[in-house]
Amino acid sequence: MDMTLAEAPTGPDVPLEIVEMDLALRHQDLVDKGFEGAVHEALEHVGGRILFKMRLCGHADCDWVAAVELQSEGDDTLAIISQSTEGGPLKVEDARTSELPVAAIATGFASLERFFPVPLPADETEPASDA
């Protein structure tokens with residue numbers, strides 16, 4: 001069956017970083033590592049960090065969600081990773097297009113963090129300066 005251009009699926013292009021994260025998560029043992037462990041290990045492979053994670057206890061059919069910032073050559077990509085209450089693989093969505101309410105929190109949090117960066121912990125091996 002031929003498909004016309006009008007019938008072709010439309011929507012924003014999925015950033016490559018989200019595809020990479022999805023693939024990295026599919027290679028994690030969720031049962032063994034748990035939600036947070038699987039997300040952390042996948043982030044080590046693709047580059048990025050967790051902004052925050054939340055337990056939703058079934059709200060929006062999710063058990064756990066995490067907002068992550070994925071490193072890219074241009075602007076960093078914000079993604080939402082969710083674990084369904086019914087199990088199955090973890091879902092990765094672009095925070096800009098996600099319908100989960102936590103996506104708005106993620107974009108707001110990332111914007112605030114750019115203006116008010118969280119200081120990194122001081123290296124305890126270096127002596128404190130009295131100057």
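Biologist: How far apart are the end C-alpha atoms of helix α2 (residues 30–46)?
Modeller: α2 has 17 residues, and a helix here is a DSSP run of H or I with at least four residues, numbered from the N terminus. The expected span is 1.5 Å times one less than the number of residues, so a straight helix would reach 24 Å. The ends of α2 fall short of that, at only 17 Å.

Biologist: Which pLDDT do side-chain atom pairs need?
Modeller: Residues are numbered from 1 along each chain as its sequence is written, and side-chain values use heavy atoms, with hydrogens and water left out. This is a predicted model, so totals for chains, interfaces and linings use all residues, local features need pLDDT of at least 70, and side-chain atom pairs need pLDDT 80 or more.

Biologist: On which residue is the kink in α2 centred?
Modeller: The bend is the angle between axes fitted to the seven residues ending at a residue and the seven starting there. In α2 the kink is about 80°, and its centre is glutamate 36.

Biologist: Is alanine 60 buried, partly exposed or exposed?
Modeller: Alanine 60 sits in the loop between β1 (48–55) and β2; strands are DSSP E runs of at least two residues. Buried means under 20% relative accessible area, exposed over 50%, and partly exposed in between (1.4 Å probe, protein chains only). At 37%, alanine 60 therefore counts as partly exposed.

Biologist: And what about aspartate 61: buried or exposed?
Modeller: Aspartate 61 also lies in the loop between β1 and β2, with a positive phi of about 60°. Its relative accessibility is 57%, so aspartate 61 counts as exposed.
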